[in-house]
Amino acid sequence: MSGPNSSYDPVQVTPLGEEQVFAMRDEALAAIEAAADLEALKQVRSDHAGDRSPLGLANREIGALPPQARKDVGMRVGQARGAVNQALAARQEVLEEAAEEQMLLTETVDVTLPWDRRSRGARHPITTMSERIADTFVAMGWEVAEGPLVEAEWLNFDALNLGADHPARTMQDTFWTEPAENHVVLRTHTSPVQARTMLTRTPPIYVVCPGRVFRTDEYDATHSPMFHQVEGLVIDEGITMAHLKGSLDHFAQATFGEGITTRFRPSYFPFTEPSAEVDLICFVCRGSGLNETGDATCRTCRGEGWIEWGGCGVVNPRVLVACGVDPERYTGFAFGMGIDRTLMFRHGVEDLRSFFEGDVRFSRAFGTEI
Ligand code: DAH
C-alpha cells in the first residue's frame, strides 16, 4: 500500500499515459482489497481517491492539457477513478457487514449463565399482612391507632378490668421491667391501645391497631415471646353485637375470600361483656371438614370445619368508665386476633418460628402485595 503522496508534483506526471493511469488504478485497487477493516479502508480512500491522491492530482491536471489529450486523459482518469470508487464502495459494504457480525459475536449475552445471586431482600409477610388488615378497616372509614410496646401496667391490665388477681398478671405471662415499683410491662396484648384511644379521643371511635406484643412463652413451633396482634375498637351510640358480627364477617372475607364468614362461641374476657371466641369457616373445605376428594379430613381445619381466629365482645361498661367514656350514652365492641396465627393458617405455615428467623427466602415466597 502506498502512503499519502504529498510530494507528488503534477508537472512531472505528464503526459499521464495509459500505463501510468492504470498503475495508479491498480495500486489503488490492491490497497482497497488489502484493507482489513473500516479504519484501514478510510485511510485507503484518502490515499487513493482523495484530492491529493495520484488519481486526484491527475484529475486536477486534465484542464491544463491540450484539447485532444484532455479528452483521452479525461476518459482514462475518469474510468480509473470510477473503478476505484466502485471498489471502495464494494469493500466498504463487505467490511461493514463483517464489523456487524463481529459486534453481534462479541456482544452476545449467554442467557443460560448463572444469574447474579446477591439476595435483594423482601417485605416481611407480617408487615404486608398488618398493612392489608389496616387497609381493610381504613376503607370502612376507621383509623389506625398505635401505642407503645413498653406499657404502663395500669393500661395493660387495670383499665381493661383485669384485676390484680387475674392470672394474666402473674409473673408467668408478663415481662415486667425493673424496678418493679414503676409498674411498667412489655405489653402482653394490643388491648391497652383501646384504653389509650378512649382516654385521648372522644367518641365516635373507630380504630384498628396492629402491633407487637410480648409474653414469657417458650419459643417453639406455636409460641414465641414476641408475636403480633390486631385490635379493633368501636365506641359510638347504639353499637351492638350485630355491628361486631358484621365487621368481623367483612374482615374475614377481605382476608380469606368471598363467603368466608365467622361464628361466635360464648367466652370470657374481663374487658368485654358478653364475650365470644371468633371462629372462621374453614376457607379450604368451607365447613365440610373434608379434603378436596372427600375421603380424608381437611388439613387446614383438621376436620373441624372452623378455625379459631380470636376474641371479641361488647366493651365492658367498667372499661368505659375507667377510660372516661359515659356508659349511659355509648356502647362499643372490641376484638383481637393474632396476625402471625392468621398468616399461619392462611398460608399453611407449619412453624411459627419461620416468621422470626430472618430467612429472606421465606419472606420472598409470600411475594409482594400492593
Ligand atoms: N386481648 C386478648 C388477648 O390477648 C384478645 C382480645 C379478646 C381482644 C377480646 C379484644 C377482645 O379486644 O374483645 O388474648
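Over which residues does pLDDT stay under 50? Select residues 6-13 and you have them: that is the stretch, and the model gives it nine contacts beyond four places in sequence. Keep in mind that you are looking at a predicted model. Where pLDDT is low, the predicted coordinates should not be read in detail, so leave that stretch as it is and move on. For the chain as a whole, the average pLDDT is 91, and 94% of the residues score at least 70.

**Stop one: the ligand**

Click on the ligand and bring up its surroundings. You should get 15 residues, with His189, Gln194, Arg215, Gln229 and Glu231 as the closest. Color that shell by residue type and it splits into five nonpolar, eight polar and two charged.

Now show the strands. Three to pick out are strand 5 (226-236), strand 8 (306-315) and strand 9 (331-338), each of which supplies at least two residues of the shell.

Next, go through some polar contacts one at a time. Start with Arg215: one of its polar side-chain atoms sits 2.8 Å from an oxygen atom of the ligand. Then try Gln194, where a polar side-chain atom is 2.9 Å from a ligand oxygen. For Phe335, look at the backbone instead, since a backbone N or O atom there lies 3.3 Å from an oxygen atom of the ligand. Turn on the surface and see how much of the ligand is covered: on its own it has 350 Å² of accessible area, and the protein covers 89% of that.

**Stop two: Ser53**

Jump to the loop between helix 2 (38-49) and helix 3 (54-61), and select Ser53 there. Is this serine buried or exposed? Ser53 is buried, because its relative accessible area is 0%, and the cut-off for buried is under 20%.

Show the side chain and check what its polar atom faces. The backbone oxygen of Gly50 is 2.7 Å from a polar atom of the Ser53 side chain, and the backbone oxygen of His48 is 3.5 Å from one. Leaving out residues up to four places away in sequence, Ser53 touches Ser46, Asp47 and His48.

**Stop three: helix 10**

Last, select residues 339-347. This is helix 10, and it is largely enclosed by the rest of the structure, because seven of its nine residues are buried. To see them, pick Ile339, Asp340, Thr342, Leu343, Met344, Phe345 and Arg346. Then step just past the helix to Gly348, which has a positive phi, near 65°.

Methods
Residues numbered from 1 in each chain as written. Predicted model: local features only at pLDDT ≥ 70, side-chain atom pairs only at ≥ 80, totals over all residues. Heavy atoms only, no water. Near = heavy atom within 4 Å. Polar contact = N/O pair within 3.5 Å; in protein donor to acceptor, adjacent residues only side chain to side chain. Areas by Shrake-Rupley, 256 points an atom, 1.4 Å probe, with all protein chains shown as cover. Helix = DSSP H or I, 4+ residues; strand = E, 2+ residues; numbered from the N terminus. Nonpolar A, V, L, I, M, F, W, Y, C, P; charged D, E, K, R; others polar. pLDDT = per-residue confidence, 0-100. Contact = heavy atoms within 4.5 Å. Buried < 20%, exposed > 50% of the residue type's maximum accessible area, 1.4 Å probe, protein only.
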